[in-house]
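Trainee: Got a minute? I'd like to go through this model with you.
Mentor: Sure, open it up and ask away.

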Amino acid sequence: MVYRLCQKMAGMLVQMQEAFTQVQYSRRVHPEFMSKLKKLYQKMSEKDFTRAFISCLLIPLGEGEHHPRIENVLIFAAKFAVSVESFNHETEEEELCPFMNSLFEFLLDNHDVGDAALRFRVCYFMNMLLNSMGDNAFIDDLLCDRITTCMTERLLDKVPKIRAQAILALHRLQDPSDEHCPVIKAFIFHLNKDPQAEVRRAVLLTMGKNKQTLAAALRRTRDINDGVRKLAFQFLTKITVRSLTIEQREKLLSDGLRDRSEKVSKYVKMQLLPTWLEHYEGDFIKLLRALDAENALEISILMLDVLLKLTPVRNIIQHVPVDPDTKLIPFEKLTSESVIYWRCVITHLQREGCQDEIDKILPELSKFCEYIREFMNLMKHDQRETWEQNMLRFILLQLFEITKICDLHDEVGRENLKELIVDTLKSDHDSEALIDSIVQQCVAIVPDTESRLNLLANVISELRMPLTTEVVPLSEAEKHEKDMKKAKLKVELLQVQEYQYVAIQSKNFLRAEELKTKIEFLKAAIEDLGTDQVVEEVREEYEMKSDKKTLTKCLQIMFSMTQSVKTLCPMLRSLLMDMVLPNLDHSVCSVIIGALKATTVCCLLDEDLAKKYIPVFFLQFSVENDDIWLAALKGIFDLLVLYGLERLGMAPDPETTEDTGQANKSRSNRTVRLYSQSEDTDTLLSTPRPSLNCENRNIINILTGLLDNANRDLRTIAVEGLCKLLLHRRISSPSLVARLIILWHNPVTDNDSYLRQCLSYFFNHFGAVVPDSQEMLERSFLVTLKMLANAPDTSPLHEIEPLKVAQLILHLTKTEAQDRLLGYCAHNNLALAIIAEALNSDSCIDPKLLIRSLRYLHIHLEDDSMRKCLQESVKRLSEQVEPSEKRITNTLSHFKRNLDNQTKFGAENGPITEEELMIEEEPMIEEELDAC
C-alpha cells in the first residue's frame with residue numbers, strides 16, 4: 001500500500017516536472033498545463049503539492065542570468081498560484097489559501113540566502129505574485145508586515161539589481177494616503193540617496209503620488225542620470241498642473257527644456273507640455289497665466305516656441321485676441337500674457353515664412369506706433385498701484401519688441417518709430433529693460449553711428465538740462481503804461497471809424513476799404529492788450545537736473561548706447577567726464593551703479609582709461625553696499641579679462657609669478673613641480689572686506705578672498721571672474737584652483753546651483769583650453785587635501801568627502817595620448833608625491849586616503865629608475881599597513897601589479913578585480929562632472 005502510494009506520488013511529481021519543463025518554451029501552453037496542475041492539486045494533499053511545487057520552482061529561482069525561458073516558467077508559476085487562490089476562494093475576502101501562504105512563507109524564509117542570484121529571483125517572483133493578484137486583492141496584515149520587513153531588508157542589499165527588485169516587490173504594499181507609510185518613506189530615501197541609477201529608476205516607476213513623493217520626484221529632475229531624469233518627468237506628467245506651485249512649474253520647464261540629454265528634453269517637449277496645454281483646454285494664454293509669464297519671460301517664450309511648432313497655424317492665429325478690423329489687441333484685452341503670445345506668434349510665423357498670416361494680426365508700422373502712443377497715454381491716466389505700473393511697463397516693453405519684427409523698409413514708419421523711441425526715452429514710463437531694448441533698436445533704425453550717438457546724446461542733454469519757463473508778473477508801472485496804450489488805441493479806433501463813415505457817405509469805397517483794414521488792425525491790438533489786465537512775461541532757461549531718477553535714466557542710456565560702438569568717440573568722452581565720473585561718489589546707490597557700468601564700458605573701449613580708472617573700482621569696496629560691490633566686481637573682472645594684469649600695471653605678487661613661470665618652464669622642459677604649500681587653510685564663510693592698498697597686496701589675493709563671502713551673489717561673481725581669468729590665461733595659480741575645487745564641494749553651496757554649474761563648466765573646459773592646466777591641477781592635489789585636513793573643527797569642510805575630491809582631481813589630470821608622446825604624464829609625478837606624502841609621518845593628510853587615491857592613477861612609466869623607485873616606496877608603504885586593513889592592502893596590491901606590468905612604452909592601469917569592487921563602491925566621477 002505504501003509502495004503504491006509512493007509510486008503514485010512519484011508519478012505526480014514527474015507530471016509536475018513535465019509541466020514546468022514544457023511551459024518554458026511557449027506561453028501558449030500555459031493554460032493547458034495550468035489545468036493539469038489544478039487536477040494534481042486536487043488529487044494531492046496540500047502539503048505534498050506545495051513541497052513538490054516549491055522543489056520545481058527552485059530550479060528557475062536559482063538561475064541568475066536573464067533568459068526568456070526562465071521568465072516563462074516564473075510567469076506560469078505566479079499565474080497558477082493566483083488561480084489556485086481564486087479556485088479555493090470560499091472563505092472571507094481577506095484570507096489567502098494555504099498554498100499561497102506557503103509560497104509566501106517560502107520566499108520570505110529565503111530572501112536573505114547567500115546566493116545573490118537566488119535573492120534576486122526571490123524578490124522578482126515576489127513582485128510577480130503580488131502583481132498577479134489583481135487590483136482588488138487583499139492580504140493578511142501580518143503577512144503584509146512581514147513582506148514589508150523582509151523586502152525592506154533587501155533594500156539594503158549590496159547588489160543594486162536586488163535593491164531594484166525589492167522596490168518593485170514593495171510597490172503593491174505602499175499607501176500614498178498615509179503620511180507615515182514605511183514603504184513610501186523607504187522609496188523616498190532610496191530615491192534621494194541610493195548611488196545606483198537603476199534603483200532610483202525603479203522607485204520612480206512604482207512610487208505612488210502624494211505631497212512627499214511629488215517633492216522627491218521634483219528633486220530627481222536634476223539627477224545625474226538621464227534615465228532617472230526622464231522617469232522623473234514621466235512621474236510629474238501624471239500629476240495635474242494645479243498640484244504644482246508656480247515656482248515648481250517654472251523650474252520644471254526650465255530644467256526640462258534645457259536638459260542636455262536629447263531624450264529628456266524631447267519627452268518634455270512632446271509629452272509634458274502638450275499634456276499641460278490640454279489641461280487648459282488648448283488655451284495658450286491660460287497656460288501662460290499659470291506660469292506667471294511676466295516674471296518668467298524667458299522660459300515662457302521657450303515654451304511657446306515648442307508648442308507653436310506642434311500646433312497648426314490656423315489654431316495658433318485663433319487664440320490671438322486681435323480685432324479683425326484694426327489687427328490690434330483692444331486695450332481691455334491687452335495683458336502680459338496676451339502680448340507675450342502675440343509677440344511669439346508673430347516671431348513664429350516670420351520664422352516659418354507665413355507673411356500672409358502675419359498681415360492678419362499685425363498692422364503697418366506707422367499704425368502700430370500710433371497704437372503704442374495711445375497705450376502710453378493710457379498709462380498716464382489715474383493713480384495706479386505699483387504692480388499695475390510694472391505690468392503696464394512690461395506690456396510696453398513687449399510692444400517695442402514686436403516693432404523689431406516689423407518691416408523697417410517703410411521710411412515713414414521708420415521715422416515714426418524713431419520719434420516714438422525718443423519720446424519714450426523722455427517719458428516717465430521707462431524701465432531699465434525698456435531703455436536697453438529701444439536703445440539697441442536704434443542701431444537698426446539709425447545705422448550711422450555718429451547720427452545715432454548724436455540723437456541719443458540730445459535725449460540725454462534734454463533730460464539733464466530741460467528747457468524751463470519762468471513766469472514774471474508785471475510791475476504797477478508796466479500795467480499803467482499798458483492801460484495808456486490801450487486808451488490811445490481806442491481813441492484812434494473811434495477816429496478811423498468816423499473817417500470810414502464819411503468815406504462811405506461820399507461813396508469813396510476804395511478809401512473805405514483801406515480804413516476797414518486799419519480798423520481790424522486796431523481792434524486786434526486792443527484785444528491783445530485787453531485779454532488780461534495782468535499779462536506776465538515768460539522767460540526760458542536751461543536748468544541742470546541731478547535727481548536720482550534722471551541721473552539713473554541718463555546713465556542707463558549711455559551704458560546701452562556705448563555697447564553698440566567700437567571706439568570711444570569725443571562725444572562719449574565728454575559724457576564720461578561731465579556726467580559719469582562726477583557721479584561715482586553720488587549719495588544714491590543706483591546712481592553709483594549706473595556710473596560704474598558706464599565707466600566699465602568706456603574703459604573697455606580705451607586701454608589708457610582702464611589704466612587710469614581701475615583703482616576707482618577698488619575704492620568702491622569702502623562703501624558698505626553689496627549692490628555697489630557687485631557692479632564694481634563685474635567691471636574689475638571685465639577689464640582684467642580683456643587687458644590682463646600686466647597691461648593695467650598690476651603686476652602679480654611673487655607667488656603668482658612663480659606659479660606662472662614654473663608652469664611655463666615645466667611645459668617647455670617637460671619637468672613638473674610636484675606640489676606647493678598653501679597658506680589658505682581657513683575656509684570658514686565670512687564677510688571679508690578687501691583691502692584698498694593695491695600697491696602692497698596682490699589684486700588676485702583680494703579678489704580670491706571674496707570666494708568665502710557670505711553673500712551668494714558676490715561669491716558667484718568672484719567665481720565667474722576668477723574662472724574667466726584662468727581660462728584666458730591671465731593668471732596661473734594652483735592654490736586658486738584648489739580653492740575652486742573645495743568651493744565646488746563645499747556643502748554651503750549645495751543650494752547654489754548656478755555657482756556649481758559655473759564650476760562644472762570651468763573644470764570640464766579647463767584642461768582643453770589652458771595648456772598648463774595639467775601642471776596646475778597636479779600641484780593643487782596635495783594643496784587641496786591639506787586645506788581639507790587643516791580645516792577648523794567648526795568648518796563645514798569636514799562634511800566633504802576627501803576621497804571624492806581626490807578622485808575628481810585625478811580624473812581631470814588623466815594624460816592624453818599626445819601628452820604622453822611628448823614625455824609628460826601628470827599621474828607619474830602624482831604617484832611619487834602621493835606615496836612620499838603617505839610615508840611622511842608628519843603629514844596632516846590621512847595616509848589611508850592617499851593610498852586609496854592610488855587606485856585612480858593611470859601611470860605610464862618609461863623610466864626604469866622611476867619604476868624601481870615607486871616599487872621600493874610601495875614596498876615600504878606596505879610594511880606600514882596593518883594586515884587587517886583589507887581595503888588598503890588590496891589597493892596597494894593592485895597598484896603594485898600595475899607597476900610590475902609596465903612595459904617599456906607604458907601601459908594602462910589594469911582593471912580592478914571584482915573582489916576589490918565588492919569591497920568599496922565608488923561613484924562615477926565622469927557622471928558627476930556632466931551633472932550640471
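Trainee: Glu 298 first. Buried or exposed?
Mentor: Exposed. This is a predicted model, and in it Glu 298 has a relative accessible area of 59%. The cut-off for exposed is over 50%, so Glu 298 qualifies.

Trainee: Which residue does Glu 298 form a salt bridge with?
Mentor: Arg 258. The closest N and O atoms are 3.0 Å apart.

Trainee: Where do the two sit?
Mentor: Arg 258 is in the loop between α13 (246-257) and α14 (262-279). Glu 298 is in helix α16, residues 297-309. They are 40 residues apart in sequence, so the pair ties together separate parts of the chain.

Trainee: And how accessible is Arg 258?
Mentor: Its relative accessibility is 42%, so Arg 258 counts as partly exposed.

Trainee: Let's move along. Which residue does Asp 305 form a salt bridge with?
Mentor: Arg 351, with 3.8 Å between the closest N and O atoms. Asp 305 lies in helix α16 and Arg 351 in helix α18 (residues 336-352), so this pair ties together parts 46 residues apart in sequence. Arg 351 is partly exposed, at 44% relative accessibility.

Trainee: What about Glu 432 and Lys 597?
Mentor: Their side chains meet in a salt bridge too, at 3.3 Å from N to O. Glu 432 belongs to helix α23 (residues 432-445) and Lys 597 to helix α29 (residues 589-605). That is 165 residues apart in sequence, so the bridge ties together those two parts.

Trainee: Exposed or partly exposed, those two?
Mentor: One of each. Glu 432 is exposed at 51%. Lys 597 is partly exposed at 21%.

Trainee: Which residues are joined into one network by shared partners?
Mentor: Asp 226, Arg 229, Asp 259 and Arg 260. Their salt bridges share partners.

Trainee: How many salt bridges does the structure hold?
Mentor: It holds 33.

Trainee: New topic: the largest nonpolar core. Which residues touch the most other members?
Mentor: Phe 53, Trp 342 and Leu 399, out of 286 residues in that core. Helix α31 (residues 626-647) gives the most to it, with 13 residues.

Trainee: What does Leu 399 touch?
Mentor: Leave out residues up to four places away in sequence. Then Leu 399 touches Leu 334, Val 339, Trp 342, Phe 368, Tyr 371, Ile 372 and Phe 375.

Trainee: And what is in the second core?
Mentor: That separate core has 8 residues, among them Leu 515, Ile 519, Leu 522 and Ala 525.

Definitions and conventions
Residues are numbered from 1 along each chain as its sequence is written. This is a predicted model: local features need pLDDT of at least 70, side-chain atom pairs count only at pLDDT 80 or more; totals for chains, interfaces and linings use all residues. Side-chain values use heavy atoms; hydrogens and water are left out. A nonpolar core is a set of buried Ala, Val, Leu, Ile, Met, Phe, Trp, Tyr and Cys residues joined through side-chain atoms within 4.5 Å. Buried means under 20% relative accessible area, exposed over 50%, partly exposed in between (1.4 Å probe, protein chains only). Helices (H or I, at least four residues) and strands (E, at least two) are DSSP runs, numbered from the N terminus. Contact means heavy atoms within 4.5 Å. A salt bridge is a side-chain nitrogen of Lys or Arg within 4 Å of a carboxyl oxygen of Asp or Glu.
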